[in-house]
Amino acid sequence: MNYLVIVIGAIFVNNIVLMQFLGICPFLGVSKRLSTAIGMTGAVAFVMVLATIVTYLIQNYILDAFGLAFLQTIAFILVIASLVQLVEIILKKVSPALYQALGIFLPLITTNCAILGVAILTIQKDFNLVEGVIFAIANAVGFGLALVLFAGIREHLDLQNVPKGLKGTPIALIAAGILAMAFMGFSGLV
Amino acid sequence: MNQWKNFTKGFIKENPVFVLLLGMCPTLGVTSSAINGLGMGLATTFVLVMSNMVVSIIKKQIPEKVRIPSFIVIIATFVTIVELIMEAYLPSLFQSLGLFIPLIVVNCIVLGRAEAFASKNNLVSSVVDGFGIGFGFSFALVLLGGIRELLGSGKLFSITIYPENYVTLLFVLAPGAFIVLGYLIAIINRIKKD
Amino acid sequence: MANRESSFKNMVITLFMVTFFAAAALGFVYDMTKDAIEMAKLKAQSEAIEKVLPEFEELGETYKVAAESSEDTIEIFPAYDGDQLVGYAVKTFTNNGFSGYISIMAGINQSGNFSGYEVLEHTETPGLGSKMNEWFRSTQKSSQSVIGKNPESHRFEVSKDGGDIDAITASTITSRAFLDALNRAYDAYKNNVVENTGSAGQ
């Protein structure tokens, strides 16, 4: 499948957060400030790509080879949980500053539905390894794009005169809805 | 522990979606119709109750450091069981819910309850908590799904309520999910204040 | 909280035990549901074939045919009513849907025209692309219907691309993908069934 189509599709047309509803928890939780949004995106991107590669290999060489496709959910989530542990350990040694900055968000990447979602989608869409990696990178970019855009919007929202009942999460969700509407404009692109 | 209070807290006071703001992904993703919301809610309730049950029984046997991985394996097992049962006996619901069924395993509600409640409480309380939070979750999904289905397609539980010419398609699409949820949370916040 | 001590040995044993019991439980449930899952799939397939070729009673031997432009296969089901060949149900697909994969069961009758279709799997937009289930067999607007036509008598492309079929309003991509699937079905039928009229008719 055309690589450009995969990339444009994943970043804009089928944006992982705004169209597919994956990765909403960090989207709402981390997007209050631009700097944390960017840090989170980096960590997610790293885990997403690694996870897609490892789960692809496991699916094709172990699960499918032995007719164990029904163990997909368990195997994939264990891979992701282990990768996150690994990333934590490596970060602690290599860049303690970044490790501190990410804080609680690092273990939370395990429950980021976007990562498990992308791993499963790669298998469902029947991509080969190269297409899968491109798909994962593109989705990470899409995730980052949505997060950064939203953080920008929320920083502005904080300064506005929002009616009391809508303050906080409600107005954030409505803003996300409008952002999603904007992204729908990309539908004709591919 | 007052089990009645334990059970009902999941509906309004500690509603996982509207108050705790957990489990957002399936909440937005499967609520394009009321029946999908109900299906997902019940599937999640099953996983919640079963995993709370198992975690509560074996909690003393699990060393502190491998708590989370063990809980994840337990939860993943029940999610796969629900997947297989749905694929065998409820194929059309299985098709509609699609990707979100395996995603129950990363639903923060399930891991959250195992960690925050089941690992610290006895069997009965944990099971009741599972049902309470699960039904509260289902309630939220059906409410959201119902509103979106009604406004976006004129139907409720697939029964046509008003003609298709008057629908606002936006509500069954992505933006509609965010917007309706936003307003629902605002309303529930208001109700809770009183 | 009096948990077990987190020694290396305990951690490994616990994880091993938990995973072992999990795998065992899953294997058990998988075994129990395997047959029901197969049956549910076959049932859905039979129902789809019935919808596209209403007179069929039983199926002849299925052919699996390689689709030209990809590694997927098309399945062709010759359908009979007793000894009489009624037509062919072709399970086709496309990957060009707005949200990717769409799977369609198309019925081709004895005159080589499409007698019906049933969308089996899709993740197209509800209210827009998902209309394809009814749109292309509309009895009121024949310019958007594919029933009674085939790609040789009519150009199976959307009018926007110079074809003879009207696309779903605001869902050109889904419409194009739908026609792509039908074209694929017809190609498979022409290349594998019509050529072998000797063995196909039985």
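Student: In this predicted model, what is the make-up of residues 167-188 of chain B, and how far apart are the end C-alpha atoms of that span?

Tutor: The end C-alpha atoms of residues 167-188 of chain B lie 25 Å apart, and the span is 68% helix and 0% strand. For residues 123-147 of chain B the corresponding separation is 36 Å, with 100% helix and 0% strand.

Student: How do you know which parts of chain B carry the name "transmembrane region"?

Tutor: The name comes from the UniProt annotation, an unreviewed entry, which covers residues 39-58, 70-86, 92-111, 123-147 and 167-188 of chain B. Such annotations may be inferred rather than shown by experiment, so the label should be read as the record's statement.

Student: What makes Glu75(C) and Lys91(C) a salt bridge?

Tutor: The closest N and O atoms of Glu75(C) and Lys91(C) are 3.9 Å apart, and the rule asks for a Lys or Arg side-chain nitrogen within 4 Å of a carboxyl oxygen of Asp or Glu, so the pair qualifies. Glu75(C) lies in strand S3 (residues 73-81) and Lys91(C) in strand S4 (residues 84-97) of chain C, so the salt bridge ties together parts that are 16 residues apart in sequence. Over all chains, the structure holds 14 salt bridges.

Student: How many salt bridges does the rule find across the interface of chain B and chain A, and what makes up the area buried there?

Tutor: The rule finds 0 salt bridges between chain B and chain A, while the two chains bury about 2,900 Å² between them, 87% of it on carbon and sulfur atoms. On the chain B side, Leu99(B), Val106(B) and Phe178(B) supply 22% of the area buried against chain A, more than any other three residues. The contact takes 36 residues from each of these two chains.

Student: Which residues of chain C lose the most area to chain A?

Tutor: They are Leu26(C), Tyr30(C) and Phe98(C), which together account for 54% of what the chain C side buries. The area buried between chain C and chain A is about 750 Å², of which carbon and sulfur atoms give 72%, and the contact joins 8 residues of chain C to 11 residues of chain A. Here too the salt bridge count is 0.

Student: What makes up the lining of the second largest pocket?

Tutor: The lining divides into 24 nonpolar, 10 polar and 7 charged residues, around a space of about 1,100 Å³. Of the 41 lining residues, Pro107(A), Leu108(A), Thr110(A), Ile68(B) and Leu111(B) are the closest to the pocket's centre. Helices of chains A, B and C each supply at least two residues, among them helix H1 (8-52) of chain C, and the largest share, 6 residues, comes from H4(A).

Technical notes:
Residues numbered from 1 in each chain as written. Chains lettered and ligands numbered in written order. Predicted model: local features only at pLDDT ≥ 70, side-chain atom pairs only at ≥ 80, totals over all residues. Heavy atoms only, no water. Helix = DSSP H or I, 4+ residues; strand = E, 2+ residues; numbered from the N terminus. 1 Å grid on protein atoms, 1.4 Å probe; cavity = no way out; pocket = protein on both sides within 12 Å on 5 of 7 lines; lining within 4 Å. Points joined across faces, edges and corners; volume = space filled by probe spheres on them. Nonpolar A, V, L, I, M, F, W, Y, C, P; charged D, E, K, R; others polar. Contact = heavy atoms within 4.5 Å. Buried area = accessible area lost by both parts, 1.4 Å probe.
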